[in-house]
Amino acid sequence: MRPALRELNRQALDPARSVVVSACAGSGKTWLLVSRIIRLLLAGVAPSQILAITFTRKAAQEMSGRLRNWLRVLATGDDAAVRGFL
């Protein structure tokens, strides 16, 4: 990953910041948004305080499914699996 992109991702994933993610199709928005939601939850933010907006139902369903899968890994995985995931 390019250093500039790495820095943008680091800033977008920072739970202390509010962010808007806007990018073209296939650029990794879903990964970034779901990763940010995970980071917020790990930082102790209540789920009711998190808002993620998409423009299509398909995108919302993809985000929801990925979030459920990732939370399942974190909730049921052994320590090595969780460390590898994070």
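## Second largest pocket

Fourteen positions are a good place to start: the second largest pocket is lined by 14 residues, and Leu5, Leu8, Asn9, Val21 and Leu32 lie nearest its centre. The model is a predicted one. The volume of this second largest pocket is about 310 Å³.

Which helices supply at least two residues each of this lining? Helix H1 (3–12) and H2 do. H1 provides the largest share of the lining, five residues. By class, the lining of the second largest pocket holds nine nonpolar residues, four polar and one charged.

## Largest pocket

The largest pocket has a volume of about 760 Å³. It is lined by 30 residues, of which Val21, Leu33, Ile53, Thr54 and Met63 are the closest to its centre. Two or more lining residues come from each of H2 and H3. H2 gives the most, with seven residues.

How do the residues of this lining divide by class? The largest pocket has 16 nonpolar, nine polar and five charged residues in its lining.

Val21 is listed for both pockets. It is among the residues nearest the centre of the second largest pocket, and it is among those closest to the centre of the largest pocket.

## Helix H2

H2 contributes to both linings. It supplies at least two residues to the second largest pocket and seven to the largest pocket. The helix has 14 residues, which should span 20 Å at 1.5 Å a residue; the end C-alpha atoms are 20 Å apart, so the two values agree.

The buried residues of H2 are Thr30, Leu32, Leu33, Val34, Ser35, Arg36, Ile37, Ile38 and Leu40. They pack against H1 and H3. Two of these buried residues, Leu32 and Leu33, also appear at the pockets. Leu32 lies among the residues nearest the centre of the second largest pocket. Leu33 is among the residues closest to the centre of the largest pocket.

Is Ser35 buried or exposed? Ser35 lies in H2. It counts as buried because its relative accessibility is 10%, and the cut-off for buried is under 20%. Leaving aside residues up to four places away in sequence, Ser35 touches Leu13 and Trp70. Trp70 is itself one of the buried residues of H3. After H2 comes Gly44, with a positive phi near 95°.

## Helix H3

Helix H3 covers residues 57–76, 20 residues in total. From its first C-alpha to its last it reaches 28 Å, close to the 28 Å expected at 1.5 Å a residue.

Met63, Gly65, Leu67 and Trp70 are buried in H3. Their cover includes helix H2 (29–42) and helix H4 (79–85). Met63 also has a place at the largest pocket, among the residues closest to its centre.

Glu62 is found in H3 too. At 38% relative accessibility, this residue counts as partly exposed. How far apart are the C-alpha atoms of Glu62 and Gly44? They are separated by 24 Å, with the two positions 18 residues apart along the chain as the sequence offset.

## Salt bridges

Side chains of opposite charge can pair when their charged atoms come close. How many salt bridges are counted here? The count comes to three.

One joins Arg10 and Glu7, with the closest N and O atoms 2.6 Å apart. Both residues lie in helix H1, three residues apart, about one turn of the helix. Glu7 counts as partly exposed, at 32% relative accessibility.

Another pairs Arg17 with Asp14, the closest N and O atoms being 3.9 Å apart. The salt-bridge cut-off is within 4 Å. Arg17 is partly exposed at 39% relative accessibility. Asp14 is partly exposed as well, with a relative accessible area of 23%.

Glu62 and Arg66 meet in a salt bridge of 3.1 Å, N to O. They are four residues apart in H3, so about one helical turn separates them. Glu62 is partly exposed at 38% relative accessibility, and Arg66 is partly exposed at 25%.

Terms used: Residues are numbered from 1 along each chain as its sequence is written. This is a predicted model: local features need pLDDT of at least 70, side-chain atom pairs count only at pLDDT 80 or more; totals for chains, interfaces and linings use all residues. Side-chain values use heavy atoms; hydrogens and water are left out. The expected span of a helix is 1.5 Å times one less than its number of residues. Buried means under 20% relative accessible area, exposed over 50%, partly exposed in between (1.4 Å probe, protein chains only). Contact means heavy atoms within 4.5 Å. On a 1 Å grid over the protein atoms alone, a cavity is a set of points where a 1.4 Å probe fits but cannot get out, and a pocket is an open set with protein on both sides within 12 Å along at least five of seven lines; lining residues have an atom within 4 Å of a point. Grid points are joined across faces, edges and corners, and a volume is the space filled by probe spheres set on the points. Ala, Val, Leu, Ile, Met, Phe, Trp, Tyr, Cys and Pro count as nonpolar, Asp, Glu, Lys and Arg as charged, and the others, Gly among them, as polar. A salt bridge is a side-chain nitrogen of Lys or Arg within 4 Å of a carboxyl oxygen of Asp or Glu.
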